[in-house]
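Trainee: I'm new to this one and don't know where to look. Please pick one part, go through it closely, and show me how the rest links up with it.

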Amino acid sequence: MPPAKLLSDVFDYPPNYILFLNNLPEETNEMMLSMLFNQFPGFKEVRLVPGRHDIAFVEFENDGQAGAARDALQGFKITTSHAMKITYAKKQHLG
């Protein structure tokens with residue numbers, strides 16, 4: 001099944017406990033994102049992608065908690081020129 005399309009023309013996957021962040025500014029670091037997301041219940045960790053400053057993953061205990069953070073921080077401006085885009089991460093299937 002193809003991902004659902006959001007109003008902002010960003011494709012999203014079905015609800016998941018891991019969020020995918022993109023459009024992050026170059027100066028983004030793990031501490032900045034942790035401080036932003038740890039205000040939400042169920043926050044577990046931030047994972048940056050080596051060699052990519054513009055994307056990151058944020059893990060929560062369940063998809064409901066991830067969804068609440070996603071809804072609250074969608075479009076949050078880390079800098080005046082970088083509005084964060086948040087989608088559910090694509091679930092990886094084993095086997």
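Mentor: Let's start with R52, which is partly exposed, with a relative accessible area of 41%. For that scale, buried means under 20% relative accessible area, exposed means over 50%, and partly exposed is in between, using a 1.4 Å probe and protein chains only. Before going on, keep in mind that this is a predicted model, where local features need pLDDT of at least 70 and side-chain atom pairs count only at pLDDT 80 or more, while totals for chains, interfaces and linings use all residues. Residues are numbered from 1 along each chain as its sequence is written, and side-chain values use heavy atoms, leaving out hydrogens and water.

Back to R52: it forms a salt bridge with D54, and the closest N and O atoms are 3.0 Å apart. A salt bridge here is a side-chain nitrogen of Lys or Arg within 4 Å of a carboxyl oxygen of Asp or Glu. Side chains of opposite charge can pair when their charged atoms come close. D54 is partly exposed too, with a relative accessible area of 22%.

The whole structure holds five salt bridges. One of them links E59 to K44, with the closest N and O atoms 3.6 Å apart. E59 lies in strand 5 and K44 in strand 4 (residues 43-49), so this pair ties together parts that are 15 residues apart in sequence. E59 is buried, at 13% relative accessible area. Then there's R70 with D71, where the closest N and O atoms are 2.9 Å apart. The two ends of that pair sit quite differently: R70 counts as buried at 11%, whereas D71 is exposed at 55%. Salt bridges that share partners also join K44, E45, R47 and E59 into one network.

Now for the elements around them. Helices (H or I, at least four residues) and strands (E, at least two) are DSSP runs, numbered from the N terminus. By that count the chain has two helices and eight strands, following the pattern β-β-β-α-β-β-α-β-β-β along the sequence. Strand 5 (residues 52-60) runs antiparallel to strand 3 (residues 18-22), joined by five bridges. Two strands pair if DSSP finds at least two bridges between them. Strand 3 also pairs with strand 8 (residues 85-88), again antiparallel, over four bridges. A handy residue to click on is L21: its bridge partner in strand 5 is A56, and its partner in strand 8 is I86.

I86 is worth a pause. It is buried, with a relative accessible area of 0%. Contact means heavy atoms within 4.5 Å, and, leaving aside neighbours within four places in sequence, I86 touches L19, F20, L21, F37, R70, L73 and Q74. That list includes R70, from the salt bridge with D71. The C-alpha atoms of I86 and D71 are 8.5 Å apart, though the two residues are 15 residues apart along the chain.

F37 brings us to helix 1, whose buried residues are L33, S34, L36 and F37. Seen down the helix axis they fall within an arc of 165° (taken from the directions from the axis to the C-beta atoms), so they line one face of the helix. The face turned away from that buried side carries the exposed residues M31 and M35. The buried residues pack against strand 3, strand 4, strand 5, helix 2 (63-73), strand 6 (77-79) and strand 8.

Just ahead of helix 1 (30-37), T28 is found in the loop that follows strand 3. T28 is buried at 11%, and among its contacts beyond four places in sequence are L33 and H53.

One last number for the overall picture: 34% of the chain's 95 residues count as buried.
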